[in-house]
Amino acid sequence: MPFLLRSLAIILIALALTTAVGQAAPRFEVTIAPTAHAGPLTGRLIVAVSKNDQVEPRFQVAPGGPAIFGVDLEGARPGTTITVDNKAIGYPMSLAELPAGDYWVQAVVMVYSEVHRADGHTLWLPMNDGRIESFHSAAGNLISEVQKVRIDGGSRPIRIAVNRVLPKLPRPTDTEWVKRITVQSKKLTAFWGRPTYIHAAVLLPRGYAEEPNRRYPAIYTLGHGVPFQFRTDSVGQGIGQINPITGTETGFDFHKAWIRDDFPRVIVITLEQQTPFFPDSYSINSANNGPYGDAVVEEVIPELERQFRIIAEPYARHLEGASTSGWQTLALQLHYPDYFGGAWIFQPDPIDFARHQLIDIYRDENAFTIPVGQFITAERWMRRTVEGQPIWSVRQMSRFEAVLGSKGRSGRQFQAWEAVYGPTGPDGYPKPLWDPLTGVIDKSVAAYWKEHGYDLRDYAERNWATLGPKLAGKLRFFLPDMDDFYLNLAMYRFEDFLKRAEGPKSDAEFIYGRPLKGHSWHPYPWAELVRRFAATVEHNAPRSR
């Protein structure tokens, strides 16, 4: 009897190990139709497995969305079968851990192009013309039809045919108020070895066409789309209402203020500058992205000033932005202090890397956990509610990005920062700050981020003797007390530095949102921001003698 019990135990252990190594896990067999892609294909294959069919699974891909599984394709030939099994990296679980049930599945292939960069590296990257596109709808990417399947751990593969090419989406057309231009950057074209563009949307003031000799100050909002959500129709908008989260008005209400006789006459501009690594370049020179800062300052802004009768003087050039755009706003003002006349900085991405969200990249050994005792560690969080409830951990988000793309090609936040701030690795791709599966921090990368001026608090402090006089009257910070992404923590440190700065003292302004104000909070509506900007420009304008 003991022998039989031992034999049964061995069999059960073997079955458990079989499942653990993925031999009994579900698997997908994906083929790429020759009609979808004629030659060898290099890219990233993502299989999305959703619990619902409210929209196609590809549109649901998000940290709280479907399960996703990813593999690299290198020269895959159409018609051949690509297996996605338990060896593929998955989020939020492996294929073996996917519960049995009915699902809707869809495959997406991000198609990469071969790039010969000026630094001598040959890379395979998701390239486009600089306009913002997400992988699930980017022109030229491939998708399958959605199919409902039963996943129950059986041995039969689930077959998926990738047979559709995503078309180019129509571009917005110009209107009386909003004009769009495209600038090919010679600097970026030389870096990437192929034509590279930056796009701008320009919101014109009332009377622009009727006053051909008048020149205007400009706000570079550094966001995307139509400036300040300007729109001339009220469809689907809560007219006359202030958004309780952001503190801003609707685009239609902003339009109503914009066209008033007594509203300031200014020009507002957004930029669109997608890179292969993220929907935004961060408007800064970068080893991985190229000289975007110089391109914006030396090529794009001069062309805008020429075409749209913008006053080409520092006092009339102001920067505004929130989150990613908030970091850009401060970075451009610090790195080009003589060029811009003011920075309106709303909840920027981390501006002090001793508080890179909740991580001190210089002292912490691991991005995923923090020791809280001799035997206990706690997870580090990437996002929370304004009441402090953690939502996504750094570990989860790192794995999510690792599924979407290897070698920094996910197009998501952590890998974006590595591309913008970090060095190029031996293979030509961005060198990661931490291992996406273990969280171990590479201190050489952390040192590079700091030494090359991307830690904006450190950069400002090291250069304050020359920067300080040039920044007088130019810095305005807006801090929510419970930013969803813990961005207020780095801003507190920046404020502490400015308070103690000497030679000269800082006159930077800090405005706080309390209580329980989160990401995207603004202290006043768009129209009021424009009025304050215009008043500042008027105050700083040269006076004729």
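Here are a few exercises, with worked solutions, on one sheet and some helices in a predicted model.

**Exercise 1.** Work out the strand order of the open sheet of eight strands, and find which strands sit at its edges.

*Solution.* Start by walking across the sheet: the order is β12-β13-β15-β14-β18-β19-β24-β25. Next, look for strands that pair on one side only; those are β12 (178-184) and β25 (509-513), the edge strands. Then check the pairing, which is mixed across this sheet. Last, the twist from one strand to the next averages 20°.

**Exercise 2.** Follow the pairing from β12 through β13 to β15: in which sense do the strands run, and how many bridges join them?

*Solution.* A quick reminder: strands of a sheet pair through backbone hydrogen bonds, either parallel or antiparallel. Step one is β12 with β13 (residues 197-203): they run antiparallel and share seven bridges. You can spot R180 facing A201 of β13 here. Step two is β13 with β15, again antiparallel, this time with five bridges. On this side, L203 has V268 in β15 as its bridge partner.

**Exercise 3.** Now take β15 (residues 267-272): how many of its residues are buried, and what links it with β14?

*Solution.* Count first: five of the six residues in β15 are buried, so the strand is mostly covered, taking buried as under 20% relative accessible area. Then turn to β14 (residues 218-220), which runs parallel to β15 and is joined to it by three bridges. One pair to look for is A218 opposite I267. Finally, bring in helix α4 (residues 251-258): with β14 and β15 it makes a right-handed β-α-β unit.

**Exercise 4.** Find which strands helices α6 and α12 touch or lie across.

*Solution.* Helix α6 (residues 324-335) packs on the sheet and touches β18 (317-323), β19 (342-348) and β24 (475-480). Compare directions and you get about 145° between α6 and β18. Now for α12 (residues 487-500): this helix lies across β19, β24 and β25, and runs at about 140° to β24.

**Exercise 5.** Decide how α7 is oriented relative to α8, and name the residues that meet.

*Solution.* Begin with the axes of α7 (residues 394-404) and α8 (residues 413-421), which come within 8 Å and cross at roughly 75°. Angles of 65 to 115 degrees count as roughly perpendicular, so α7 is roughly perpendicular to α8. For the contact, α7 brings V394, M397, S398, E401 and A402, while α8 brings Q413, F414 and Q415. Sort them by class and you find four nonpolar, three polar and one charged residues.

Definitions and conventions
Residues are numbered from 1 along each chain as its sequence is written. This is a predicted model: local features need pLDDT of at least 70, side-chain atom pairs count only at pLDDT 80 or more; totals for chains, interfaces and linings use all residues. Side-chain values use heavy atoms; hydrogens and water are left out. Two strands pair if DSSP finds at least two bridges between them. Helices (H or I, at least four residues) and strands (E, at least two) are DSSP runs, numbered from the N terminus. Axes are lines fitted to C-alpha atoms, for helices over the stretch in contact, and angles run from 0 to 180 degrees between N-to-C directions. Contact means heavy atoms within 4.5 Å. Buried means under 20% relative accessible area, exposed over 50%, partly exposed in between (1.4 Å probe, protein chains only). A crossover is right-handed if, with the strands pointing away from the viewer, the path from the first strand over the helix to the second runs clockwise. Angles under 35 degrees count as roughly parallel, over 145 as roughly antiparallel, 65 to 115 as roughly perpendicular and the rest as oblique. Ala, Val, Leu, Ile, Met, Phe, Trp, Tyr, Cys and Pro count as nonpolar, Asp, Glu, Lys and Arg as charged, and the others, Gly among them, as polar.
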